[in-house]
Amino acid sequence: MSPASRGPVVHVAAAAVIDAAGRVLIAQRPQGKHMAGGWEFPGGKLESGEERVAGLARELREELGITIATPRPLIRVRHAYPAREVLLDIWIVTRYSGEPQGLDGQALRWCTQDELPTANLLPADKPIVAALRLPERVTQICTPYYDISDPGPPGRPIHGADAAGSPRLRGAFCASAAEAVAATDAGADFLVLRSALAADELAALCDLVSVPVFARGIGLEQSWALGASGLNEIRR
C-alpha cells in the first residue's frame, strides 16, 4: 500500500507508566480494535488541535483512571502499518495519582524492563523499550546500555556495539541544531548537548529531532518542559 493510500498520519500520545518498583505498565488491545491482542504502552490519538501533554493526560485519565504530573518526554517513533501510519509521542510517567485500571476493558500488565522485550509489544512500540534504558541524568559516557561519542565526519554512520558485538544505544555529543540533525541522520539514538542553549533554541532543537535530547545547565523539570528527556551531567 502506498503512503498516500494509508491516509493521514495518526498522532498518538502514549506513556511508559512506571511504578515505585520500577515496573512498566503495558495494555492489551481489546477485541474489535486494530491490532487486537497485541500489547502496547497506554495512550491514544490526539484530538484536532490538542496539545501533546494535555492529550496524554486525557488519554491516561480515560483509559486508566489516573491523573498524571510532570511527564518526561522520551522519544517520537514513526511507524507504517499496512493500513495506517502512526506517530507515537512517548512520555515517561512516574508521578501520578490513582491506581491504573483497564477502563476500556483492556488487560493490564506490569513488566520489569528485562521482561518487556518478550512481552509481544506492537511493532511500533519496540524501539521504546531500548530508549527506556536511558536515565534522567546522563553521568557516564559508557554503560552496559549505551555509549556516547563525538560525531565523525558528515555522512559517516554512528555505530554502537561493545567488544563482544552486543548492541547498545548510540549517543552523540553535539553543540548546535545542525550537529544534532547530522548526528540523528547518521544513526544516533540520542543526543547529548555539550553546553547550555537558550530556552527557545533548546525547544526548537527538541522539536526538530525525534530522538531523546539531554540538555545542559538547566533544571530537570525545565528541560522536560522544553522537550528534552533529561540532563547531561558528564564531567569532561
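**Exercise 1. Strand β7 and its partners**

How many residues are in the hairpin that joins β6 to β7? Then find the strands that pair with β7.

*Solution.* Four residues form the hairpin connection between β6 and β7. The model is predicted: local features need pLDDT of at least 70, side-chain atom pairs count only at pLDDT 80 or more, and totals for chains, interfaces and linings use all residues. Residues are numbered from 1 along each chain as its sequence is written, and side-chain values use heavy atoms, with hydrogens and water left out.

Step 1. Fix the elements. Helices (H or I, at least four residues) and strands (E, at least two) are DSSP runs, numbered from the N terminus. Strand β6 covers 72–80 and β7 covers 85–93.

Step 2. Apply the pairing rule: DSSP must find at least two bridges between two strands. β6 and β7 are antiparallel, with eight bridges. A80 has E85 as its bridge partner in β7.

Step 3. Turn to β1. β1 pairs with β7 in the parallel sense, over eight bridges. Here A16 is bridged to I92 of β7.

Step 4. Check burial (buried is under 20% relative accessible area, exposed over 50%, partly exposed in between; 1.4 Å probe, protein chains only). Eight of the nine residues of β7 are buried, so β7 is largely enclosed by the rest of the structure.

**Exercise 2. The surroundings of D19**

Is D19 buried or exposed? List what its side chain reaches.

*Solution.* Step 1. Place D19 in the loop between β1 (10–17) and β2 (24–28).

Step 2. Read the accessibility. D19 has 15% relative accessibility, so D19 counts as buried.

Step 3. Search for polar contacts. These are pairs of N or O atoms within 3.5 Å; within protein, one must be able to donate a hydrogen and the other to accept it, and residues adjacent in sequence count only if both atoms are side-chain atoms. The D19 side chain reaches the backbone nitrogen of A21 at 3.0 Å. The side chains of D19 and R23 make a polar contact of 2.8 Å.

Step 4. Leave aside neighbours within four places in sequence. D19 is then in contact (heavy atoms within 4.5 Å) with Y96 and W110.

**Exercise 3. Helix α1**

Which residues of α1 are buried, and what covers them?

*Solution.* Step 1. Test the length. α1 (residues 52–64) has 13 residues. The expected span is 1.5 Å times one less than the number of residues. From first C-alpha to last, α1 reaches 18 Å, close to the 18 Å expected.

Step 2. Inspect the ends. At the start of α1, a side-chain oxygen of E51 comes to within 3.0 Å of the backbone nitrogen of V53. Just after α1, G65 has a positive phi of about 75°.

Step 3. List the buried residues: G55, L56, R58, E59, L60, E63 and L64. Their cover includes β1, β2, β4 (43–45), β5, β7 and β9 (108–111).

**Exercise 4. Confidence**

Where does pLDDT stay under 50?

*Solution.* Step 1. Start with the chain. The mean pLDDT (the predictor's confidence in each residue, from 0 to 100) is 88, and 89% of residues reach 70 or more.

Step 2. Locate the weak stretches. Residues 1–5 stay under 50, with three contacts beyond four places in sequence. Residues 160–166 are also below 50; this stretch has 10 contacts in the model beyond near neighbours in sequence.
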